[in-house]
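Q: I would like a close look at the side-chain interactions of one structure, with attention to where the partners lie and how far they are open to solvent. Please take the charged pairs before the rings.

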Amino acid sequence: MLKRSVLILVAAAASLLALSARADYQPQAEQVVDNVYAIVGPLGQRSVDNDGLNANFGFVVTPKGVILIDSGASLLGAKKIEAAIAGVTDQPVRWVVNTGSQDHRWLGNDYFAGKGAEVIAMSRTAATQAEYAAQHMDGMKRFLGERMQGTQPLPAVNTLNGESATLERGGETLELMYTNAHFPGDAWVWLPKQRVVFSGDLVYVDRLLGVLPWSSVKHGQQAFKALAALKPARIVPGHGRVCDLAQAQRETGNYYDFLADKVGAAAREMEPLTETLDRYADLPAFRHLENYEGLHRANMNRAFTEFESQ
Ligand SMILES: [Zn+2]
């Protein structure tokens, strides 16, 4: 009996500790070029410590205010991003541009909108945000618990029509283009003057990209080729460190090619799934990437399913 109550006490103390766990992770801004900055998040999973900021964000400082690219996964995450920006400039965030509809791309929108920022995205991005809002809020509550309090999902308010769109804000030009890779309606943001692209969840480096049930490998392969054609000087990937095109090609472009050209071809030729996955289980070109062990087989499985039905 005594033993049991001690156990209960220990369990209670442990959960209290979890609740009061300080979210110590504070993102830092790093200069990409001129007035363009990246905030590179950790490669691992969403956690109480990182407030769901396990992704990359970025911003452009203009004389009229800051253009923020992606707003974080929660109210508290948005405040951490704001603090990282304040380390670089006194200018407020006046514009938020979303590259996607996955939690960490936009659940901070409401916080910045409440401070007067205009929230902008391609129209299909905003539509997908609305569609997945409840699911992503539930998911984030499982990861962050109480630290999600006060977070309100606000899909982008100012939506841009067409397959691509040019945005002029604060004297800067931003070109948005759909990638439709990780989520339907995902887009990149290209800064033609600085030759920097914020790829959103199209490009992953340092860690293996994830193919989700709603991702499209076919679109990813096409979009990566279009991105390479821009010949960007620097790429701020969705996840991983700021990189050049050669690294993005090795760690993302070649992987999309592999999934489409090898796994996709096997699916179209109706080869057995398990044999295909076994054949490509060990790929020396990618196995150094974080999350390879956890994701590679599932990625191939989803690619197979996508190409099988085409
Ligand atoms: Zn992501």
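Is Arg 279 buried, partly exposed or exposed, and what is its relative accessible area?

A: In this predicted model, Arg 279 is partly exposed, with a relative accessible area of 45%. Its side chain meets that of Glu 271 in a salt bridge with an N to O distance of 2.9 Å, and Glu 271, at 25% relative accessibility, counts as partly exposed as well. Close by in sequence is Met 270, which lies in the loop between helix 7 and helix 8 (273-279); Met 270 has a positive phi of about 55 degrees although it is not a glycine, and with a relative accessible area of 73% it is exposed.

Another salt bridge involves helix 8: Asp 278 pairs with Arg 297, the closest N and O atoms being 2.9 Å apart. This pair links distant parts of the chain, since Asp 278 belongs to helix 8 and Arg 297 to helix 9 (residues 292-308), 19 residues apart. Asp 278 is partly exposed, with a relative accessible area of 47%, and Arg 297 counts as partly exposed at 37% relative accessibility. Elsewhere, salt bridges that share partners join Asp 51, Lys 80 and Arg 147 into one network. Within that network, the side chains of Asp 51 and Arg 147 meet at 2.8 Å, N to O, and they link distant parts of the chain: Asp 51 is in the loop between strand 2 (36-40) and strand 3 (56-62), whereas Arg 147 is in the loop between helix 5 and strand 7 (158-160), 96 residues apart. Asp 51 is buried, with a relative accessible area of 0%, while Arg 147 counts as partly exposed at 22%. A search of the whole structure finds 13 salt bridges, of which those described here are examples.

Glu 251, in helix 7 (residues 245-268), offers a contrasting case: Glu 251 is buried yet has no salt bridge, and the nearest side chain of opposite charge, that of Arg 250, is 4.7 Å away. The reason is the cut-off, because a salt bridge requires a side-chain nitrogen of Lys or Arg within 4 Å of a carboxyl oxygen of Asp or Glu. Leaving aside neighbours within four places in sequence, Glu 251 is in contact with Tyr 204, Val 205, Asp 206, His 288 and Leu 289.

Turning to the rings, the whole structure holds eight aromatic pairs. In one of them, Tyr 132 and Trp 214 are tilted, 5.5 Å centre to centre with 55 degrees between the planes; Tyr 132 is in helix 5 (residues 123-144) and Trp 214 in the loop between strand 11 (196-204) and helix 6 (217-229), 82 residues apart. Tyr 132 counts as buried at 9% relative accessibility, but Trp 214 is partly exposed, with a relative accessible area of 28%. Trp 214 also forms a tilted pair with Phe 183, the centres being 5.5 Å apart and the planes at 45 degrees. Phe 183 lies in the loop between strand 9 (172-178) and strand 10 (187-191), so this pair ties together parts that are 31 residues apart in sequence, and Phe 183 counts as buried at 1% relative accessibility. Ring pairs also link Tyr 255, Phe 258, Tyr 280 and Phe 286 into a cluster. Finally, a charge and a ring come together where the charged end of Arg 124 sits over the ring of Tyr 178, 4.0 Å from its centre.

Terms used. Residues are numbered from 1 along each chain as its sequence is written. This is a predicted model: local features need pLDDT of at least 70, side-chain atom pairs count only at pLDDT 80 or more; totals for chains, interfaces and linings use all residues. Side-chain values use heavy atoms; hydrogens and water are left out. Rings of Phe, Tyr and Trp (its six-membered ring) pair if their centres lie within 6.5 Å; planes under 30 degrees apart count as stacked, over 60 as edge-to-face and the rest as tilted. Helices (H or I, at least four residues) and strands (E, at least two) are DSSP runs, numbered from the N terminus. Buried means under 20% relative accessible area, exposed over 50%, partly exposed in between (1.4 Å probe, protein chains only). A charge sits over a ring if NZ of Lys or CZ of Arg is within 6 Å of the ring centre and within 35 degrees of the ring normal. Lys and Arg count as positive and Asp and Glu as negative; His and the chain ends are not counted. Contact means heavy atoms within 4.5 Å.
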